[in-house]
Amino acid sequence: MPALPCTTYKTLNIVFTAPDVAPANGYLVKWRVVGTTNWNTVTQNQNPITIAGVPACYNIEGTIQANCGDGNLGSTVSFAITSSSNQCRSVQLTQSATYTYTECGTSEPVTITVSSFE
């Protein structure tokens, strides 16, 4: 069974110590849910860097680079953010069986065995 979808989103604010001279084209930020292959890319000039719509129930990883223009990027700085989900789910099981699911923000499956209904 695939992981349950994340339905809670947050705004990620990355506060950093800016250099004395700001990069010509701002900062290139790449982020993704840990374990996925697709990167989301954002370019911003302000401090903090603000990224809306980040799923709150997954661990996030990313990088920041100064974009100096003409294809010149500064050193890569990595970051990681753990999930902040405290979601509660109500699931109705309709027959006797063994169910397995993986909760948002985790990689360990959980198995529930329902042997009878009353």
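Strand β5 (residues 60–69) is mostly covered: seven of its 10 residues are buried. Buried means under 20% relative accessible area, with exposed over 50% and partly exposed in between, using a 1.4 Å probe and protein chains only. Strands (E, at least two residues) and helices (H or I, at least four) are DSSP runs, numbered from the N terminus.

This is a predicted model, in which local features need pLDDT of at least 70, side-chain atom pairs count only at pLDDT 80 or more, and totals for chains, interfaces and linings use all residues. Residues are numbered from 1 along each chain as its sequence is written, and side-chain values use heavy atoms, with hydrogens and water left out.

**Partners of β5**

Strand β5 pairs with β2, with β7 and with β6. Two strands pair if DSSP finds at least two bridges between them.

| Partner of β5 | Sense | Bridges | Opposite residues |
|---|---|---|---|
| β2 (residues 27–33) | antiparallel | seven | W31 and G62 |
| β7 (residues 77–81) | antiparallel | five | G62 and F79 |
| β6 (residues 72–73) | antiparallel | two | G69 and N72 |

G62 appears in two of these rows. Its bridge partner in β7 is F79, and G62 is also the partner of W31. The link to β6 is a hairpin, with two residues between the strands. D70 sits in that turn and has a positive phi of about 55°.

**N67, a residue of β5**

N67 lies in β5. Why does N67 count as buried? Because its relative accessibility is 16%. Leaving out residues up to four places away in sequence, N67 touches P23, A24, N25, G26, Y27, N72 and L73. Contact here means heavy atoms within 4.5 Å.

**Strand β1**

Strand β1 covers residues 9–14 and has two faces. K10, L12 and I14 make up the covered face. Y9, T11 and N13 make up the uncovered one. Strand β1 pairs with β4 (residues 49–55) in the antiparallel sense, over five bridges. Within β4, I51 stands opposite L12.

**The whole protein**

How many helices and strands are there in the protein? There are zero helices and nine strands. Along the sequence the pattern reads β-β-β-β-β-β-β-β-β. The protein has 118 residues, and 27% of them are buried. Take the contacts between residues at least 6 apart in sequence: 53% join residues at least 24 apart. The accessible surface comes to about 7,900 Å², and 50% of it belongs to carbon and sulfur atoms. Such areas come from the Shrake-Rupley method with a 1.4 Å probe; for residues, only the protein chains shown count as cover.
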